[in-house]
Amino acid sequence: MTALWLLVLLPALVGAALCLAPRVERLAGAVSVATAAGTLVLAIMVAMTQPTAAVAFLAIGGFTMRVDGLSAIIVPTVAAVTLLVVIFASRDIREARGRFHGLMLLFAAAALLTVVAGNLVTLLFAWEIMGGTSYALIGFWWRDGHRLASGTTAFVTTRAGDLGLYLAAGAALGGGAGLALADLPNAATPWRDLAAAGLLAAGLGKAAQLPFSFWLSRAMDGPSPVSALLHSAAMVAMGGYLLLRVAPLLEATGWADNAAAWIGAATALLLGAVAVAQRDIKQLLAASTAAQLGFVVLAAGLGARSGGVAQLVGHASTKAALFLAAGAWLSALGTKQFGGLAGAARRWRLLGVSAGVAALALAGIPPLSLWATKDAVLTAALEESVWLYVVGLAAAALSAVYAGKLLVAIWRAPDAHTATHLDDAQQGTRHVGPAESVSVAVLAVGAAILGMLVLPPLASAFAGTLGETPVTPGIWELTASGAIAIALVLATARWRPPEPRWATGWLGLEAAVYRGVVRPTLRIAASLARFDDTRVDLVVDHTASGSRAGARWAAAADDRNVDGSVEEVAARIRRAGRRSIRPQSGRLHHYYAQAVVLLAAVVVLIVVVGR
Amino acid sequence: MLSVIVFLPLVAALVLMVPTVPDRVARWTWVAVATVDVALVAVVWANFEQPAEGQLAFSERFQWIPGVGSSYYIGVDGLSLPLVAMTAVIYLACAVYSLRAEDRPRIQAALFLFLQTVSLGLFVAADLILFFVFFDLSIVGMYFVIAGWGHGNAARSALKFFLYTFLGSLALLLGFIGLYVSADTPTFDMVELTRMMPLQDNPLVGGLVLAAILVGLAVKTPTFPFHTWLPPAHTDAPAIGSAVLAGVLLKMGTYGFVRIAMPMLPDAWRDWAWVIVIVGIVSVLYGALVGLGQRNLKRMIAYTSVNHMGYVVLGVGVAGLVAASSDAARRVAVAGAEFQMVSHGLITAALFLLVGVLRDRAGSYDLDGYGGLAAPAPRFATLFAIGAFASLGLPGFSGFIAEFQIFSGAIATAPITAVALLGILITAGMFLWAIQRLLAGKTRGGSLGFRDLSRGEFWAPASLLILSVVIGVLPRIVLDVVDPATTVLTELVGR
């Protein structure tokens with residue numbers, strides 16, 4: 001249990017300290033590598049002991065962590081890739097190293113917590129910290145305003161999906177099942193459907209599935225080690241992981257599983273086409289990440305966890321290797337355009353061979369990892385629907401094409417144009433160190449062998465860890481897909497694949513979202529701001545000026561009417577007073593006469609009243 | 001004990017009114033008194049035990065105006081203690097922030113100490129007249145802060161603030177009198193009134209009295225459409241004035257909901273719950289969208305207050321939808337609302353303290369007039385970015401704990417309230433866009449030659465944000481105090 005807490009707290013606390021402590025530049029890399037290494041040891045420990053831990057947090061749910069068969073596989077994967085990426089980055093990143101490594105460790109802590117989260121509170125807590133740190137990492141070079149803008153796009157887009165987790169939490173509470181992820185299938189309908197919809201949205205958003213995929217393209221503005229971690233074993237992978245984790249819930253609804261399967265298959269196909277059309281190595285890898293995660297999401301929809309997990313793990317290793325290789329070439333040659341990368345693989349042999357192996361794995365060439373894992377998923381798809389299988393197979397064929405394109409680009413001999421592309425992104429160092437090459441090589445080994453997880457003899461033990469019976473792809477399917485992959489890779493060496501414009505521009509998704517959502521929102525915001533200033537406030541100001549006008553009128557009325565009547569009364573009294581003086585003439589006979597009149601009046605009054 | 005906490009700042013304020021006190025002494029006296037108050041509140045917190053229902057902890061009571069059944073009656077419970085603590089902390093942050101203040105520091109310190117007494121007094125008041133007196137004095141104090149130390153169109157903004165919120169307080173007074181006359185034995189004792197629930201079986205008068213109280217509180221909170229005094233007041237107020245206004249004074253409105261309106265008029269509250277919920281949702285979305293449309297950073301943050309207070313109103317409104325859901329869901333929504341009051345106080349006060357620096361250095365809050373500020377002012381940039389993420393509800397900060405509870409409780413009660421979720425998406429876009437325009441890119445405009453934060457300017461907002469992280473990661477610190485009180489409150493509303 002202590003190991004489980006440390007697994008999260010060690011990278012989190014060291015990361016926070018590196019971010020905030022001034023003047024740790026020189027030490028940052030070493031501290032970071034040591035921390036990541038310690039985290040890997042802890043990860044292996046918790047994978048073996050599978051502990052749980054919980055502490056009181058909110059009234060409706062504690063802070064709970066648990067390691068089961070599924071997370072026991074993913075936790076070491078995340079930790080291992082983190083360590084290799086951090087080793088690479090300790091050489092590759094040369095400015096603001098404290099901030100960089102601090103954020104990387106914080107990010108890794110959040111990703112690890114995402115994997116071991118036992119309920120929705122804990123999951124969301126980790127999930128959004130992962131999003132927040134990814135923003136800061138993508139926008140790491142903030143002096144280029146557009147890079148931070150890319151971070152904003154990534155964060156806001158994935159947060160749109162994250163709203164689904166808030167929805168799911170409300171639904172879980174309303175459905176009476178509690179917030180524990182494992183209990184969600186027991187929620188009452190329609191709450192269960194609401195929870196499934198929310199989790200599906202969150203998973204698809206983070207996994208860069210359709211229609212969210214475009215943020216991944218923008219995320220490539222981050223440093224390459226960031227891409228290597230975010231888009232292989234963490235962040236994007238976490239989207240796929242979440243859907244695998246809640247696959248029983250998706251299945252229980254009867255519709256969410258189909259939705260996930262089809263969206264995954266469609267993403268694998270369409271983003272595969274996008275990848276084929278790219279000429280920038282990082283953009284190609286990004287599109288291929290979304291496409292490869294499509295197979296994971298497909299597996300989650302099919303309930304084929306072992307195939308999905310194997311695909312996730314194999315892809316993590318493969319893609320981390322390729323992103324790091326791309327980063328090494330970017331630092332050395334100053335470019336990420338295929339035009340400038342010609343011969344890059346020949347120039348630095350270990351790096352080139354490692355990247356080549358990873359690219360072959362990505363292509364689905366036997367006996368490398370993704371060949372087997374993809375077929376494990378496709379076998380499950382065939383049991384569900386032939387169409388799903390056909391779409392998946394087509395997507396697999398596309399991955400052979402784009403991986404082939406990548407292979408050709410880095411291995412072909414440089415030509416006259418190559419030099420013109422050098423240093424078009426940044427000033428290259430023309431140097432690749434051993435730390436960089438070795439990191440990539442280790443990952444390439446993983447990319448080569450991890451397919452064993454779904455092949456005999458390991459398959460049944462692996463599936464058993466996940467509590468499943470193994471779905472081993474048939475010998476014919478394996479042969480067929482392998483043959484297709486080899487044929488297509490060879491074909492791309494001969495013919496250039498097409499690059500249609502719709503695919504080059506990532507299906508126009510970002511532009512469509514901008515036109516359809518962002519711009520209208522900004523317009524509404526601007527007009528509401530005007531409305532607030534001119535209309536709502538006007539009511540208030542009019543009330544105020546109205547009451548001032550009213551007061552002026554009252555004051556005038558007061559002067560004219562009220563005070564006027566008072567003056568009038570006073571004047572009349574004055575006149576009456578003047579008149580009343582007249583009888584006081586000072587002459588005695590006048591007084592007698594008045595007294596007689598008064599007396600007579602009194603007598604008359606008494607007579608009248610007395611009767 | 002509570003009386004000492006409340007009136008110690010007032011005593012210090014009176015001393016500082018003596019013209020011969022030097023400025024330096026005045027500044028440090030302010031810091032010292034605010035520190036002592038924080039320490040005393042910490043002692044109260046440490047010794048706090050949840051009072052039995054219908055009682056208050058650390059209560060004190062003296063006769064005051066026996067003729068109308070009003071007494072000097074103060075005390076704390078789980079609803080007020082977190083706000084008392086937040087208030088003391090924010091005033092201390094303001095004192096530290098002002099250690100370099102040059103503009104009439106002695107009078108400013110006295111005025112803020114006066115305001116501190118008023119604010120603390122309101123949160124511990126257990127008598128409606130006492131509550132009302134503090135409520136109105138806060139308006140008077142803040143008027144002088146804005147008019148005296150503000151900038152731009154300060155006189156007009158201050159007057160608008162004063163008249164608008166003062167009018168609101170009159171509506172509140174009307175409601176209080178309504179409660180007083182309809183009680184079996186007329187009294188202003190809040191605990192008694194909660195027990196008696198006057199107007200329980202009188203939907204018409206009960207509704208009218210609630211309406212008067214709600215309008216009074218809604219102006220102060222503020223909710224849509226009573227919010228238009230807020231942006232000008234904030235824009236023209238000094239940084240510490242904005243921090244206190246948004247951090248502390250707005251909470252007087254929302255605190256009134258949980259302290260007065262809900263427990264004393266549960267019947268009417270349930271009848272009108274949907275209206276309150278809708279006002280909350282509209283405030284959330286409207287505040288977020290109008291904030292997104294601002295170019296003036298300080299106005300933008302002012303509108304996020306409308307948005308954030310909208311979540312509070314949503315949470316307390318949901319508590320009245322008794323028929324719709326389980327107690328657990330309503331409890332968690334109220335707990336979230338209460339947590340949001342504290343969280344918003346800390347975070348927004350920090351943001352206003354930070355943003356105030358912009359005008360001090362470059363004379364403008366206009367976002368388009370800056371760019372690349374992170375280069376000359378890394379400390380400012382770090383804190384502002386952290387504050388922005390705190391305000392947009394990133395986990396790890398207190399706002400997440402608040403909003404997660406409000407949303408899950410609200411959605412479990414009425415799924416339609418999920419539309420308010422868009423609020424956290426829009427605020428995310430708004431803050432990140434602001435960060436991008438202000439901090440990133442090439443250094444230009446007002447950012448050129450920008451002097452970074454001084455020590456006081458750094459530590460005042462930094463400590464507020466650290467507190468936000470502490471209670472965001474370890475929410476039990478606050479929730480152990482809040483949860484029992486909100487459980488009682490939810491039961492009271494369900495009566």
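Which residue takes a positive phi in the hairpin of E1(B) and E2(B)? In this predicted model, the residue is Gly69(B), whose phi is near 70° and whose hairpin has 4 residues between the strands.

**Strand pairs in the two chains**

The hairpin of chain B is built from strand E1 (residues 57-65) and strand E2 (residues 70-76), which run antiparallel and are joined by 6 bridges. Within this pairing, Glu60(B) has Ile74(B) of E2(B) as its bridge partner. Chain A also has a hairpin, formed by E1(A) and E2(A) with 2 residues between them. There, E1(A) runs antiparallel to strand E2 (residues 61-66) of chain A, and 5 bridges join the two. Val55(A) stands opposite Phe63(A), a residue of E2(A). The table sets out the two pairings.

| Strand pair | Bridges | Direction |
|---|---|---|
| E1(B) and E2(B) | 6 bridges | antiparallel |
| E1(A) and E2(A) | 5 bridges | antiparallel |

**The contact between the chains**

Where chain A meets chain B, 41 residues of chain A are in contact with 45 residues of chain B. On the side of chain A that touches chain B, at least two residues each come from strand E1 (52-58), helix H5 (120-138), helix H6 (145-174) and helix H25 (509-581) of chain A. H6(A) gives the most to this side, supplying 16 residues. Divided by class, the side of chain A that touches chain B holds 31 nonpolar, 5 polar and 5 charged residues. Strand E1 of chain A thus appears in two settings, as a contributor to the side that touches chain B and as a partner of E2(A) in the hairpin.

**A helix pair in chain B**

Helix H8 (residues 203-220) and helix H10 (residues 239-264) of chain B pack with their axes 7 Å apart and at an angle of about 155°. Because angles over 145 degrees count as roughly antiparallel, H8(B) is roughly antiparallel to H10(B). From H8(B), the residues that take part are Leu210(B), Ile213(B), Leu214(B), Leu217(B), Ala218(B) and Lys220(B), and they meet residues of H10(B) that include Leu250(B), Met252(B), Gly253(B), Gly256(B) and Phe257(B), with Ile260(B) and Ala261(B) also among them. The residues of this contact comprise 10 nonpolar, 2 polar and 1 charged.

**Domains of chain A**

For chain A, the domain assignment gives domain 1 (258-504) and domain 2 (518-604). The C-alpha centres of these two domains of chain A lie 90 Å apart.

Conventions:
Residues numbered from 1 in each chain as written. Chains lettered and ligands numbered in written order. Predicted model: local features only at pLDDT ≥ 70, side-chain atom pairs only at ≥ 80, totals over all residues. Domains from an automatic or database assignment. Contact = placed C-beta atoms within 7 Å. Nonpolar A, V, L, I, M, F, W, Y, C, P; charged D, E, K, R; others polar. Pairing = 2+ DSSP bridges. Axes fitted to C-alpha atoms, helices over the stretch in contact; angles between N-to-C directions. Parallel < 35°, antiparallel > 145°, perpendicular 65-115°, else oblique.
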